[in-house]
Amino acid sequence: MSIRIADCLRLPSLSQATCVAGKGHLDKVVMSISVLEYAELDMLQDIFFVGNELAITAFISIKDDVDKQCSALVRLKEVGIVGIILYYVGVFIPELDQRVIDTAEEVGLPLIVMPQNEKDFRYGEVLSEVDRAIYDDQQAEHDYVFPILEIVSQLKDRQRTLNTVLRLLSDRLNITFLLTDSEVELLETASWPMSRTENYIGLLQHYKAISQTSSGLDVFEYAEDGKTLHVRRQPIRLANGVNLNLFAVSVQAEPSHRDLIQSAEIISLFCATWNVSLQMENRDMILPAIIKGEHLLVRKLTMRYGLDLGKFSTLWVVKNGGGQREKTAKGQEGRFEAERIASCVRVYLNDQKKNALAAVINDTAVALLEASQYLDLDADLDTGFVNYSDAAMKNGETTILLTANRLADASSIQDIYHSFAERENELRAIYPDRRVFNKHHLAFAKKCHSIVAEGDAFVQEYTSLLAPLTEANHSDSLITTLSVYLLDADRNLQSTATSLFLHGSSIKYRIGACKKLLGININTMPDAYDLYLAVALMRLIQAP
């Protein structure tokens with residue numbers, strides 16, 4: 001078995017604590033526990049959190065800012081925290097605001113509050129007991145393949161990488177892991193402790209040298225700077241025929257053969273379950289490596305193919321935008337559909353003489369383009385592809401495409417890709433007829449989502465601007481016309497008329513009625529933006 005949040009709540013040190021939110025998620029596995037006293041969003045980076053970590057905090061750095069407390073909970077959930085133990089409410093935080101509780105409930109994050117107005121409860125007691133419970137469970141649980149895979153399955157896509165798997169294994173076994181290809185070229189590392197910086201390239205070069213005279217060498221020592229590292233190697237053969245090497249490195253004793261066998265099995269099952277091929281047949285494999293955060297693999301492939309990734313700064317994410325095929329495409333069929341779209345992307349970009357990488361990631365076609373020196377030269381590239389795909393794909397299918405340019409680095413590419421995956425439904429609800437989105441549409445959809453997540457009362461603060469229309473005769477037609485005019489037609493009367501199958505004079509009359517009832521000019525800022533946001537929220541909350 002594994003230690004779960006519910007088990008922790010039965011420990012003596014937490015017996016007086018109260019779970020005020022996220023009670024439906026107390027079955028989450030707890031792999032570690034730590035103290036978190038910095039809660040500024042820009043400091044809460046994925047790299048510091050592996051997943052399934054329980055965090056103790058008093059939110060001292062943001063004790064008087066409820067908005068930041070709510071944002072911190074959302075961010076902590078995103079980076080893999082499975083529960084928060086909140087101390088010293090009434091001592092540091094004046095009171096626990098209902099918005100904080102609602103946010104924790106909304107994102108599914110258990111919020112456990114220690115007795116309020118009490119100074120006598122110490123972090124160390126909970127740290128000690130939870131750590132001990134995790135250690136005892138791990139000592140009793142010799143087979144941890146499926147518990148580790150269960151944790152991986154609960155992670156967000158952006159965290160579900162080979163590096164994360166190695167980090168989970170490293171944290172459990174307190175040893176360093178090196179994953180290499182069949183030529184013993186480094187693919188991924190997970191150091192124990194994380195801050196440790198050994199000369200792993202030197203270690204692997206040493207292995208290459210000694211393995212030439214001792215075939216099948218699986219256990220050896222490597223000495224450097226007066227330290228002796230104990231190393232054990234385990235070959236891995238993936239289901240797709242790719243051969244890897246897993247090295248376990250310890251400064252204390254020879255790593256366990258049993259542990260290494262299980263670790264290799266976990267990596268193999270992970271690659272098979274989540275379609276991590278590690279095949280380096282062509283340069284397009286660089287793109288999945290970027291999205292999955294496999295930085296060493298990216299470096300190796302770019303060197304092999306002589307690519308300057310700094311020139312590739314435009315990302316396309318392409319999906320089927322409608323029709324029966326999209327509704328039924330799952331599993332192998334979904335993969336086939338994505339491959340079909342990716343092939344269409346490759347052909348189109350090749351015809352346009354564009355240097356690009358294209359691949360299928362999580363059943364979605366993705367392309368990374370080398371940007372032109374002047375963005376105007378690429379201005380019609382995305383709409384041109386949509387028109388091209390209409391003819392190429394046939395069957396009445398429409399293509400939905402996100403295009404984002406001027407992406408500075410791999411992290412920006414990852415953020416755009418994952419943000420689109422998370423907010424695609426909101427994009428489609430707000431802009432049901434749009435076929436090409438940009439990163440500004442995406443940012444706007446994220447803003448709308450955050451407003452809706454705050455609750456009906458918060459949404460009402462924005463949509464109340466439309467009250468004069470909802471109270472008027474023919475209110476539905478007025479709000480529909482205004483929504484299309486602002487969201488779909490870029491404030492163009494003729495485009496609005498075309499979308500609604502009405503005469504231009506009818507649209508002109510309705511827009512005039514909206515202006516009169518609202519008492520504002522809907523074509524000037526910031527009035528237009530306030531209305532734009534209001535009608536977008538209306539669409540979002542009314543979406544099926």
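Here are legends for four close-up views of this predicted model.

**View 1. An open sheet built from five strands.** Following the sheet across, you meet its strands in the order β12-β13-β11-β14-β15, with mixed pairing. The edges belong to β12 (356-361) and β15 (436-438); each has a single partner strand, so one side of each is left without a neighbour in the sheet. From one strand to the next, the twist averages 20°.

**View 2. The antiparallel pairing of β11 with β13.** Six bridges join strand β11, residues 312-320, to strand β13, residues 364-370. To find your way along this pair, look for Phe312, whose bridge partner in β13 is Glu370.

**View 3. Two helices lying across strands of the sheet.** Helix α14 spans residues 410-430 and lies across β11, β12, β13, β14 (399-404) and β15. Its direction makes an angle of about 30° with β11. Helix α15, made of residues 439-453, lies across β14 and β15. With β15, helix α15 makes an angle of about 75°.

**View 4. The surroundings of Ser250 in strand β10.** Here we turn to another strand, β10, which covers residues 243-250. Is Ser250 buried or exposed? Its relative accessibility is 9%, and because buried means under 20%, Ser250 counts as buried. The side chain of Ser250 comes to 3.2 Å from the backbone oxygen of Ala253. Which residues does Ser250 contact once its neighbours within four places in sequence are left aside? They are Ile175, Thr228, Leu229, His230 and Pro255.

Technical notes. Residues are numbered from 1 along each chain as its sequence is written. This is a predicted model: local features need pLDDT of at least 70, side-chain atom pairs count only at pLDDT 80 or more; totals for chains, interfaces and linings use all residues. Side-chain values use heavy atoms; hydrogens and water are left out. Two strands pair if DSSP finds at least two bridges between them. Helices (H or I, at least four residues) and strands (E, at least two) are DSSP runs, numbered from the N terminus. Axes are lines fitted to C-alpha atoms, for helices over the stretch in contact, and angles run from 0 to 180 degrees between N-to-C directions. Contact means heavy atoms within 4.5 Å. Buried means under 20% relative accessible area, exposed over 50%, partly exposed in between (1.4 Å probe, protein chains only). A polar contact is a pair of N or O atoms within 3.5 Å; within protein, one must be able to donate a hydrogen and the other to accept it, and residues adjacent in sequence count only if both atoms are side-chain atoms.
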